[in-house]
Amino acid sequence: MSSISISLNGTQVSCAANTSVLAFLTAQGISQDGTAVAKNGSILAKPLWGKSHLQHNDKLDVFTLVAGG
């Protein structure tokens, strides 16, 4: 299994080639609740996280909703 490099919120990280976005987020300990993901500058709908696979040099931006006053 080969390894690829992607950008996660501006930080270079490695993962296995062809990892789904969902598997990647799970491996990173990122909760799905209140989370939005942009892949290469486009928002990725949550139902597509398991179907969208990461490629070398992809850019993920992960946003988590924070509530508070």
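Me: I have read that two strands count as paired if DSSP finds at least two bridges between them. With that in mind, which residue of S4 does Val37 stand opposite?

Reply: Keep in mind from the start that this is a predicted model. Strands of a sheet pair through backbone hydrogen bonds, either in the parallel or in the antiparallel sense. Here S3, which covers residues 35-39, pairs with S4, residues 42-44, in the antiparallel sense over three bridges, and within this pair Val37 stands opposite Leu44.

Me: In which sense does S3 pair with S5, and over how many bridges?

Reply: The reading is done in the same way, by looking for the partner strand and then for residues that face each other. S3 and S5, the latter spanning residues 59-64, are antiparallel partners joined over five bridges, and Ala36 stands opposite Phe63 in S5.

Me: How do I go from such pairs to a whole sheet, and in what order do the strands of this one stand?

Reply: One follows the pairs from strand to strand. In this model five strands make up an open sheet of mixed pairing, and their order is S2-S1-S5-S3-S4. Strand S2 (11-16) and S4 are found at the edges with a single partner strand each, which means that one side of each has no neighbour in the sheet. Ignoring direction, neighbouring strands of this sheet are turned against each other by 35° on average. A parallel pair is present too, since S1, residues 3-8, pairs with S5 in the parallel sense over two bridges, with Leu8 standing opposite Leu60.

Me: Is S3 largely enclosed or largely open, and why?

Reply: To judge this, one asks what share of each residue's surface is accessible, and a residue with under 20% relative accessible area is called buried. In S3, four of the five residues are buried, and therefore the strand is largely enclosed by the rest of the structure.

Me: Then is Ile43 buried or exposed?

Reply: The cut-off at the other end is a relative accessible area over 50%, beyond which a residue is called exposed. Ile43, a residue of S4, is exposed because its relative accessible area is 64%. Leaving aside residues up to four places away in sequence, Ile43 touches Val37 and Ala38, while its C-alpha atom is 16 Å from that of Phe24, a residue 19 places away along the chain.

Me: Which residues have the most contacts inside the largest nonpolar core?

Reply: A core of this kind is found by joining buried nonpolar residues through their side-chain atoms. The largest one here holds 14 residues, and those with the most contacts inside it are Ile6, Val21, Phe24, Leu25, Val37, Leu54 and Leu60. At least two residues of this core come from each of S1, S2, H1 and S5. Ile6, taken as an example, touches Thr11, Gln12, Val13, Phe24, Leu54, Gln55, Asp58 and Leu60 when residues up to four places away in sequence are left out.

Me: What should I look for in the loops, and what is the phi of Asn18?

Reply: One thing to look for is the sign of the backbone angle phi. Asn18 is not a glycine, and its phi is positive, near 70°; the residue is placed in the loop between S2 and helix H1 (21-27). Beyond residues up to four places away in sequence, Asn18 touches His53, Leu54 and Gln55. A second case is Asn40, in the hairpin of S3 and S4, where two residues lie between the strands and Asn40 has a positive phi near 55°. With a relative accessibility of 44%, Asn40 counts as partly exposed.

Me: Finally, how do the elements run along the chain, starting from the N terminus?

Reply: An overall reading starts with the elements and then turns to the extent of the chain. The protein chain has one helix and five strands, and from the N terminus they run β-β-α-β-β-β. Its radius of gyration is 12 Å, close to the 11 Å that the globule rule gives for 69 residues, so the chain is as compact as a globular protein of that length. Along the principal axes, its C-alpha atoms fill a box of roughly 45 × 25 × 20 Å. Of the 69 residues, 35% are buried, and the accessible surface comes to about 4200 Å², with 54% of it belonging to carbon and sulfur atoms.

Technical notes. Residues are numbered from 1 along each chain as its sequence is written. This is a predicted model: local features need pLDDT of at least 70, side-chain atom pairs count only at pLDDT 80 or more; totals for chains, interfaces and linings use all residues. Side-chain values use heavy atoms; hydrogens and water are left out. Buried means under 20% relative accessible area, exposed over 50%, partly exposed in between (1.4 Å probe, protein chains only). Axes are lines fitted to C-alpha atoms, for helices over the stretch in contact, and angles run from 0 to 180 degrees between N-to-C directions. Contact means heavy atoms within 4.5 Å. The radius of gyration is taken over C-alpha atoms; the globule rule is 2.2 Å times the number of residues to the power 0.38. Accessible areas come from the Shrake-Rupley method with a 1.4 Å probe; for residues, only the protein chains shown count as cover. A nonpolar core is a set of buried Ala, Val, Leu, Ile, Met, Phe, Trp, Tyr and Cys residues joined through side-chain atoms within 4.5 Å.
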